[in-house]
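Please open the structure in your viewer and keep the sequence panel in sight. We will take a short walk through it, one selection at a time.

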Amino acid sequence: MTQPFDIELDVLVIGAGGCGLTAAVAAHEAGAETAIVEKLERAGGNTGLSSGSVPGAGTRFQALAGVADDACRFRRDLTQVSGSHDVPHIERMLADISAELVEWLVDCAGVNLELVETYRHVGHSVARLHAPPSRDGADLVRDLERAVETRGIAVAFGQPAVRLLVSGERVVGAETLDRRGEVTRIAASSVVLGSNGFGASRTLLDQLCPLAARAEYAGAPGSEGEAIRWGRELGAGLGNVSAFQGHAGLSARNGALVTWTVIERGGIIVDRHGKRFADETIGYSAFAAQELSADGPFYMIYDRRIADDVRAGQPPFAQVCQPGVSVQADTLDDIAHRFELDPQTLSRTVADASRAARGGEDPCARRDWGLGALAAPYCATPITPALFHTQGGLMIDTDARVLRTDETVVDGLFAGGGAAAGISGRSGAGGYTSGNGLLSALGLGYVAGRAAARNAMQVAQPHLASLSHTHVQHGG
């Protein structure tokens with residue numbers, strides 16, 4: 001083909017989620033002319049649906065709070081949860097730059113983050129999550145959008161990338177399709193795939209991550225796996241594709257997230273009979289896998305003391321406390337009646353948990369009971385296991401460059417976030433440490449953006465403009 005390019009750039013970022021926005025800011029800061037294309041009508045992706053919690057080990061915010069932490073400790077925590085997997089080099093790199101990432105987000109990208117000291121969540125031995133004061137990822141996205149706008153980085157919404165453009169073995173840009181059906185050919189020295197994972201693609205889930213296919217999908221609608229398809233056609237390797245982030249606490253009534261802080265404060269989860277079936281403190285992702293193998297529907301049981309405490313610290317929890325979404329009652333019999341649970345089984349379950357909270361032995365081997373034994377008035381929320389996002393993707397090196405199956409580099413192509421292999425183990429939901437998703441999204445976006453800018457400096461733009469033969473890589 002001899003078609004000309006319509007636009008020429010240093011760095012083209014595909015996707016305006018947390019990864020893509022971060023990559024664009026990092027690339028622009030490094031001196032690259034950068035633009036973003038996004039197939040949906042607004043920014044956000046799974047970052048916008050999250051709590052906005054970014055782990056950082058050894059930050060100045062931890063130091064001010066008297067929290068002793070470093071990358072070595074963080075790596076140990078990550079490995080203890082994830083076990084062995086396909087990208088230990090990425091796990092090490094992300095832990096090593098995590099403090100730098102958090103401080104760069106605050107100082108250079110203008111993101112409002114604070115150290116979360118009221119909870120640590122799954123897998124962290126110290127307080128190291130940094131989140132917006134609202135604990136809402138949508139605020140993190142808005143701050144990143146503001147950084148993009150301030151820098152004059154062009155963003156085209158409703159303009160999906162439909163093909164990668166390849167010359168020889170080098171990716172040299174992409175084709176996009178706008179709302180009117182018009183094709184734009186964009187030349188770029190570097191292309192960053194920040195297009196998220198494949199949680200919204202039933203075909204890819206069935207093929208690569210079948211356990212997750214059994215859960216209700218509660219992630220971003222744009223996670224359709226284009227990066228996987230494009231990468232495969234270029235010979236890229238895949239890593240950790242059977243891993244995913246689940247959440248055991250999606251409200252069955254309104255789809256709101258029932259924060260796992262309820263569990264950490266002493267809440268429990270029962271099945272359709274009113275019986276507990278596993279240690280809830282293994283975490284919201286690992287417990288989702290337990291629910292997928294148990295006898296639902298499921299209910300989170302807690303008390304008003306816990307509800308008030310969580311709502312005060314995490315305002316979005318108010319969505320869960322609405323009448324009709326959750327039930328409050330003075331007795332467990334009332335709770336059982338509302339949800340057609342066996343009242344004797346539920347009472348016995350709560351009594352056993354209360355004894356364990358006071359120092360007795362727990363049948364499910366739980367040790368941490370937060371605020372202690374549950375007491376009236378009680379609360380109950382119907383919940384369902386959900387898939388938030390896949391944790392596997394394209395194999396990359398520590399510069400976020402996409403790697404083929406023979407470990408050679410696909411020149412000009414970078415990947416991060418859900419498009420890249422994550423650090424949550426090889427399979428299932430049990431390897432996910434809180435914040436792994438945003439660490440991969442923002443951390444790899446930060447790395448990819450800077451590396452893509454360096455690559456662009458090494459590739460002569462006139463060479464791209466004079467290309468006479470380009471091969472169109474179809475994305476399916």
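Which residues of α13 are buried? Keep that question in mind while you make the first selection, and remember throughout that this is a predicted model.

**Stop 1: a helix and its neighbours**

Select residues 343-357, which form helix α13. This helix has 15 residues and reaches 21 Å from its first C-alpha to its last, close to the 21 Å expected at 1.5 Å a residue. Now colour Thr345, Leu346, Thr349, Val350, Ala353, Ser354 and Ala356: these are the buried residues of α13. A little background helps with the pattern: an α-helix has 3.6 residues a turn, so residues three or four places apart point the same way.

What do the buried residues of α13 pack against? Show β13 (268-270), β14 (298-303) and α12 (332-339), and you have their packing partners. Before you leave, click on Gly359, which follows α13 and has a positive phi, near 115°.

**Stop 2: a cavity beside the helix**

Stay in this region and look for empty space. Rolling a probe the size of a water molecule over the atoms shows where empty space is left. A search of the whole structure finds 1 cavity of 30 Å³ or more, and the volume of the largest cavity is about 30 Å³. To see its walls, select Gly266, Ile268, Ala353, Ser354, Ala357, Trp369, Gly372, Ala373 and Leu374. Which element provides the largest share of this lining? The answer is α13, with 3 residues. You have already met Ala353 and Ser354 as buried residues of that helix.

**Stop 3: charged pairs**

Next, show the side chains of Asp362 and Arg276. They meet in a salt bridge, at 2.7 Å from N to O. Asp362 sits in the loop between α13 and β16 (378-390), while Arg276 sits in the loop between β13 and α10 (284-292), so this pair ties together parts that are 86 residues apart in sequence. Are these two residues buried or exposed? Both Asp362 and Arg276 are buried.

Add Glu280 and Arg366 to the view. These two form a salt bridge as well, with 3.1 Å between the closest N and O atoms. Glu280 belongs to the loop between β13 and α10, and Arg366 to the loop between α13 and β16, so here too the pair ties together parts that are 86 residues apart in sequence. Glu280 and Arg366 are both buried. Select Arg276, Glu280, Asp362 and Arg366 together, and you see one network, joined by salt bridges that share partners.

How many salt bridges does the structure hold? There are 27. For another one, go to Arg60 and Asp107, whose side chains meet at 2.7 Å, N to O. This pair links distant parts of the chain: Arg60 is in helix α3 (residues 60-64) and Asp107 is in helix α5 (residues 88-107), 47 residues apart. Arg60 is partly exposed, with a relative accessible area of 33%, and Asp107 is also partly exposed, at 48% relative accessibility.

**Stop 4: a small sheet**

Switch to cartoon view and find the open sheet of 3 strands, in the order β3-β5-β4, with antiparallel pairing. Its edge strands are β3 (54-55) and β4 (114-115), each pairing on one side only. Between β3 and β5 (residues 129-131), the antiparallel pairing runs over 2 bridges. Which residue of β5 stands opposite Pro55? Zoom in and you will find Leu129 there.

**Stop 5: a pocket**

Now look at the second largest pocket, which has a volume of about 540 Å³. It is lined by 31 residues, and those closest to its centre are Leu40, Arg42, Ala43, Gly44 and Gly45. Colour β2 (34-38), α2 (45-49), α6 (137-150) and α8 (226-233), the elements that give two or more residues to the lining. Of these, α6 gives the most, with 4 residues.

**Stop 6: one proline**

Finish at Pro385, in strand β16. Pro385 counts as buried because its relative accessibility is 9%, below the 20% cut-off. Which residues does Pro385 touch, leaving aside its neighbours within four places in sequence? Select Ala215, Glu216, His247, Ala248, Ala288, Glu291, Leu292 and Phe298 to see these contacts. As a last step, draw a distance line from the C-alpha of Pro385 to that of Trp369: the two residues are 16 apart along the chain, and these atoms are separated by 22 Å.

Note on methods
Residues numbered from 1 in each chain as written. Predicted model: local features only at pLDDT ≥ 70, side-chain atom pairs only at ≥ 80, totals over all residues. Heavy atoms only, no water. Expected span 1.5 Å × (residues − 1). Buried < 20%, exposed > 50% of the residue type's maximum accessible area, 1.4 Å probe, protein only. Contact = heavy atoms within 4.5 Å. Pairing = 2+ DSSP bridges. Salt bridge = Lys/Arg side-chain N within 4 Å of Asp/Glu carboxyl O. 1 Å grid on protein atoms, 1.4 Å probe; cavity = no way out; pocket = protein on both sides within 12 Å on 5 of 7 lines; lining within 4 Å. Points joined across faces, edges and corners; volume = space filled by probe spheres on them.
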